[in-house]
Amino acid sequence: GYDHEAIVGGDASCYVIACASIVAKVTRDRLMGALAVRYPGYGWDRNMGYGAPAHLAGLRERGVSPHHRGSF
């Protein structure tokens, strides 16, 4: 319900979007580091939740945690 404009590749052309992207990534990395302490074995401190081999191995060995999303 709000007027908006999508800016494809906005982080390369808009300073505010680039800054927000950095803040979001740093925040995500810190949260993933905290999850790695609480749920070891998924490699969250190294792969930040992406489907890296170590993360997939952790899923096979431990199953999903309460913080894994059920769909994408």
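Start by selecting Tyr39, which counts as partly exposed because its relative accessibility is 22%, and a residue is buried only when that value is under 20%. The model in your viewer is a predicted one, so please keep that in mind as we go around.

**Stop 1: the aromatic residues**

Keep Tyr39 selected and add Tyr42 and Trp44: these three form one aromatic cluster. How many aromatic pairs does a search of the whole structure find? The search turns up 2. In one of them, Tyr39 and Trp44 meet edge-to-face, with 6.3 Å from centre to centre and 70 degrees between the planes. Now hide Tyr39 for a moment and look at Tyr42 and Trp44. This pair is stacked, at 5.0 Å centre to centre and with 20 degrees between the planes. If you wonder why two values are given each time, a pair of aromatic rings is described by the distance of the centres and the angle of the planes.

Is Trp44 buried or exposed? Trp44 counts as buried, because its relative accessibility is 3%. Tyr42 is buried as well as Trp44.

**Stop 2: a serine beside the cluster**

Next, select Ser65. You will find Ser65 in the segment after helix H4, which covers 53-62. Which residues does Ser65 touch, not counting those up to four places away in sequence? Tyr39, Tyr42 and Trp44 are the ones, and they are the members of the aromatic cluster you just visited. Ser65 has a relative accessibility of 7%, so it counts as buried.

**Stop 3: along helix H2**

Show the ribbon now and pick out helix H2, residues 15-38. Leu31 has its place in this helix. With a relative accessible area of 54%, Leu31 is exposed, since the exposed class begins over 50%. Draw a distance from Leu31 to Trp44: they are 13 residues apart along the chain, and their C-alpha atoms are separated by 9.3 Å.

Stay in helix H2 and select Thr27. Thr27 is partly exposed, with a relative accessible area of 40%. Try another distance here, this time to Ser13. Thr27 and Ser13 are 14 residues apart in sequence, and from C-alpha to C-alpha they are 22 Å apart in space.

**Stop 4: back to helix H1**

Move towards the N terminus and select Gly10. Gly10 is found in helix H1, which spans residues 10-13. Is Gly10 buried or exposed? At 5% relative accessibility, Gly10 counts as buried. For a distance from here, choose Ser21: the C-alpha atoms of Gly10 and Ser21 are separated by 9.7 Å, with their positions 11 residues apart along the chain.

**Stop 5: a glycine in a loop**

Now jump to Gly51. Where is Gly51 placed? Look in the loop between helix H3 (44-47) and H4. Gly51 counts as exposed, because its relative accessibility is 56%. Connect Gly51 to Pro40 to see a separation of 16 Å between C-alpha atoms for residues 11 apart along the chain.

**Stop 6: the whole protein**

Finally, clear your selections and zoom out. The protein has 4 helices and 0 strands, and from the N terminus on its elements run α-α-α-α. Its radius of gyration is 16 Å, well over the 11 Å that the globule rule gives for 72 residues, so the protein is more spread out than a compact globule. Along the principal axes, the C-alpha atoms fill a box of roughly 45 × 25 × 20 Å.

Switch on a surface view. The accessible surface of the protein comes to about 5800 Å², and carbon and sulfur atoms own 61% of it. Of the 72 residues, 19% are buried; among them are Trp44, Ser65 and Gly10. If you display contacts with a separation of 6 or more, 17% of them join residues 24 or more positions apart.

For a last view, colour by charge. The 8 positive and 6 negative charges of the protein have mean positions that lie 12 Å apart.

Notes
Residues numbered from 1 in each chain as written. Predicted model: local features only at pLDDT ≥ 70, side-chain atom pairs only at ≥ 80, totals over all residues. Heavy atoms only, no water. Helix = DSSP H or I, 4+ residues; strand = E, 2+ residues; numbered from the N terminus. Buried < 20%, exposed > 50% of the residue type's maximum accessible area, 1.4 Å probe, protein only. Contact = heavy atoms within 4.5 Å. Rg over C-alpha atoms; globule rule 2.2 N^0.38 Å. Areas by Shrake-Rupley, 256 points an atom, 1.4 Å probe, with all protein chains shown as cover. Lys, Arg positive; Asp, Glu negative; His and termini not counted. Charge placed at Lys NZ, Arg CZ, Asp CG, Glu CD. Phe/Tyr/Trp six-rings, centres within 6.5 Å; stacked < 30°, edge-to-face > 60°.
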